[in-house]
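Here are a few short exercises to work through with the model open beside you. Try each task before reading its solution.

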Amino acid sequence: GTSLWWFLLAGNATFHQAEVMNEVAHLKDICDEALTVDREPLAEVAVFADEPSMHYSSAADYQLMRAYQRDTVDELARMGTPFDIYLLSDIADENLPEYKLYVFLNAWSIDGETRAAIDAEVRRDGKTAVWVYAPGYIGESGFSADATSDVTGIALQAHDEPVAADLSIIGDHAITAYAPEALHWAWELAPAFSVEDPEATVLGTVAGRPALAVREFADWRSVYSLTPLRKELLRGLCEYAGVHVYSASYDTFYANRAYAMLHTAEAGDKRI
């Protein structure tokens, strides 16, 4: 249930050593046994990435774009519960399982059909949707902060001047219960967005403006974050959404119906 890649070094002689090949044989025995058990996914978190939205980003912004996407996947792997990852277009697939928490990494350009599918999926049954940076901001007729507000259900305002990507946590809330007081990234954001919604609960600020917030509706909950999501925030989001967290030590963790996998990030006692 996890993604792998294979890279062979210096031809086929790389692994021609008895100790290495004996271990490979042992791993194959384990894999063969795994085929006989129930490995059904158990994830209660769905993560969506959008390839077309990347057409609007610049190669000069590589580090910033990586922080919002690839680095966030690393953080997701350490939040203590399994997750399934999809393309944004999969939100409309009738076979999509039900989840409690939906994380939209870069849904910055959303067409009408996809928007309707997102609404139908997340705005019901007490689900929680998490939106990062500029959801729906890029449209066929240009940039629109009103569109971001419409997508998220949280009133947002766009600001053209660059701001340092430093998030300060404020207040006391389940989402931020494990987050440090400040989260820092070594780059600036432009445009930036601020939460201007009296119905939303502000959880953090960037440049003194509300930049992390949650709004609760009758049938669903919406969370907006201007800055990328870190593992501590993700753990809090999981607990807020009613997702079971297996591991609280921020090690790489995955589970299905038959197996639990923990890959240690630091030494010490581990509890599942």
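## Exercises on backbone, burial and fold

Ala-207 is exposed, with a relative accessible area of 54%. Keep in mind that this is a predicted model.

**Exercise 1.** Find where Ala-207 lies and what is notable about its phi.

*Solution.* Start with the location: Ala-207 sits in the loop between strand E11 (201-206) and strand E12 (209-216). Next, read the backbone: phi of Ala-207 is near 55°, a positive value in a residue other than glycine. For context, most residues other than glycine have a negative phi.

**Exercise 2.** Work out whether Tyr-250 is buried or exposed, and describe its backbone.

*Solution.* First, place Tyr-250 in the loop between H6 and E14. Then look at phi, which for Tyr-250 is near 60°, again a positive value in a residue other than glycine. Finally, take its relative accessible area of 15%; buried means under 20%, so Tyr-250 is buried.

**Exercise 3.** Identify the geometry of the peptide bond from Ala-190 to Pro-191.

*Solution.* Go to the loop between strand E9 (182-189) and strand E10 (192-195), where Pro-191 is found. Omega of the bond from Ala-190 to Pro-191 is near 0°, and the bond is cis. In general, most peptide bonds are trans.

**Exercise 4.** Explain why Glu-75 has no salt bridge, and find what its side chain meets instead.

*Solution.* Begin with the setting: Glu-75 belongs to helix H3 (residues 70-77). Thr-72, Glu-75, Leu-76 and Ala-77 are buried in H3, and the cover over the buried residues of this helix includes strand E1 (45-49), helix H2 (62-68), helix H6 (231-240) and strand E14 (252-255). Now check the charge: the nearest side chain of opposite charge to Glu-75 is Lys-231, 4.2 Å away. A salt bridge needs a distance within 4 Å, so this pair does not count as one. Turn to the backbone next: the nitrogen of Lys-231 there lies 2.8 Å from a polar atom of the Glu-75 side chain. To finish, list the contacts of Glu-75, leaving aside neighbours within four places in sequence: Leu-229, Arg-230, Lys-231 and Leu-234.

**Exercise 5.** Decide how the radius of gyration of the protein compares with the globule rule.

*Solution.* Count the elements first: the protein has 6 helices and 15 strands. Its radius of gyration is 20 Å, close to the 19 Å that the globule rule gives for 272 residues, so the protein is as compact as a globular protein of that length. Then consider the interior: buried residues make up 44% of the 272 residues. Last, among contacts with a separation of 6 or more, 70% join residues 24 or more positions apart.

Definitions and conventions
Residues are numbered from 1 along each chain as its sequence is written. This is a predicted model: local features need pLDDT of at least 70, side-chain atom pairs count only at pLDDT 80 or more; totals for chains, interfaces and linings use all residues. Side-chain values use heavy atoms; hydrogens and water are left out. Helices (H or I, at least four residues) and strands (E, at least two) are DSSP runs, numbered from the N terminus. Buried means under 20% relative accessible area, exposed over 50%, partly exposed in between (1.4 Å probe, protein chains only). Lys and Arg count as positive and Asp and Glu as negative; His and the chain ends are not counted. A polar contact is a pair of N or O atoms within 3.5 Å; within protein, one must be able to donate a hydrogen and the other to accept it, and residues adjacent in sequence count only if both atoms are side-chain atoms. Contact means heavy atoms within 4.5 Å. The radius of gyration is taken over C-alpha atoms; the globule rule is 2.2 Å times the number of residues to the power 0.38.
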